[in-house]
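Me: I would like a close look at one part of the structure shown below, followed by an account of how the rest is put together.

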Amino acid sequence: MRKSIGPKKIKTAVFISGKGSNLKNLIKFSKFKNYPFSVDLIISNTNKAKGLRYSKQYRIEKKIINYDKKIKTDKKILHFLNQKKIKLICLAGFMKILSNNFVKKFKGKIINVHPSLLPKYKGLNTHIRAIKNGEKFAGCTVHYITSKLDSGKIILQKKVKISKKDNHFSLAKKILKKEHLIYPAAIKKIYN
Ligand code: GRF
């Protein structure tokens, strides 16, 4: 793959709350010519998110947003997004629920990666629940965000086998690797 500095990339904001491995991975793919997006803004709801380090490392602007005051928060974020001409939002381990108003304003332009084969296992603790239920397969899904939790149209999914030896840590690790494959691929799929 060749690296790109082309002007036609979709300006993207990545929202995080934690480690940011998906953020790092999206930044990596954004630099390839055949991936149609650039990461121009990182938003976190907490200054404790480890992933914020990639702001400095890759010189990408970051904003930390206090999510306690919903209406003010929406206004603030919309302002930053407009300022940066952001056209796509990627949620990547973002632990806050966006307001309906915000989702409406960015309709069809917010996507998320979820660590389950949706529509199975919406919400939290997906790996623990899948193992407990004796599932043979688990996986991850990239989907659009709508006002209903983890219910928007699916863009891409990837299955992994749950082996007898798996616990939720090993399963999470396996699935995260697949997330790193399908998240950039899903963005490509949207714009190609
Ligand atoms: C991922 O498993 C994602 O699916 C879930 O939270 C985790 C975030 O990982 N929503 P990271 O912060 O991208 O490393």
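Which side chain is joined to that of Y58 by a polar contact of 3.5 Å?

Reply: The model is a predicted one, and that should be kept in mind for every distance and angle that follows. The side chain of Y58 is joined to that of Q57 by a polar contact of 3.5 Å. Y58 itself is found in helix α2, which covers residues 53-58. With a relative accessibility of 25%, Y58 counts as partly exposed, because the value falls between the 20% under which a residue is buried and the 50% over which it is exposed. If neighbours within four places in sequence are left aside, the contacts of Y58 are with K24, I27 and K31. For a sense of scale, S99 is 41 residues away from Y58 in sequence, and the two C-alpha atoms are 29 Å apart in space.

From this residue one can turn to the sheet. Seven strands form an open sheet in the order β3-β2-β1-β4-β5-β6-β7, and the pairing within it is mixed. Strands β3 (61-64) and β7 are at the edges with a single partner strand each, so one side of each of them has no neighbour in the sheet. Between neighbouring strands the average turn is 20° when direction is ignored.

Two helices pack on this sheet. Helix α3 touches β1 (10-16), β2 (37-44), β3 and β4 (88-91), and its direction makes about 155° with that of β2. Helix α6, residues 168-191, touches β1, β2, β4, β5, β6 and β7, and here an angle of about 155° is found with the direction of β7.

Within helix α3, which covers residues 70-83, lies T73. With a relative accessible area of 3%, T73 is buried, because buried means under 20%. A polar atom of the T73 side chain lies 3.0 Å from the backbone oxygen of N66, and N66 is also among the residues that T73 touches, together with I65 and Y67, when residues up to four places away in sequence are not counted.

Strand β6 can be followed through its two partners. Of the eight residues of β6 (residues 137-144), six are buried, so the strand is largely enclosed by the rest of the structure. On one hand, β6 pairs with strand β5 (residues 110-114) in the antiparallel sense over four bridges, and H143 of β6 is the bridge partner of N112. On the other hand, β6 runs antiparallel to strand β7 (residues 154-161), to which seven bridges join it. H143 appears here too, standing opposite I154 in β7, while A138 has V160 of β7 as its bridge partner.

The ligand completes the picture. The residues around the ligand are K19, G20, S21, N22, G93, V113, P115, L176 and E179. Three of its polar approaches can be described atom by atom: a polar side-chain atom of S21 lies 2.6 Å from an oxygen atom of the ligand, a backbone N or O atom of N22 lies 2.9 Å from a ligand oxygen atom, and a polar backbone atom of V113 is 3.5 Å from an oxygen atom of the ligand. On its own the ligand has 370 Å² of accessible area, and the protein covers 81% of that area.

Notes
Residues are numbered from 1 along each chain as its sequence is written. This is a predicted model: local features need pLDDT of at least 70, side-chain atom pairs count only at pLDDT 80 or more; totals for chains, interfaces and linings use all residues. Side-chain values use heavy atoms; hydrogens and water are left out. Buried means under 20% relative accessible area, exposed over 50%, partly exposed in between (1.4 Å probe, protein chains only). Two strands pair if DSSP finds at least two bridges between them. A polar contact is a pair of N or O atoms within 3.5 Å; within protein, one must be able to donate a hydrogen and the other to accept it, and residues adjacent in sequence count only if both atoms are side-chain atoms. Contact means heavy atoms within 4.5 Å. A residue is near a molecule or strand if one of its heavy atoms lies within 4 Å of it. Accessible areas come from the Shrake-Rupley method with a 1.4 Å probe; for residues, only the protein chains shown count as cover. Axes are lines fitted to C-alpha atoms, for helices over the stretch in contact, and angles run from 0 to 180 degrees between N-to-C directions.
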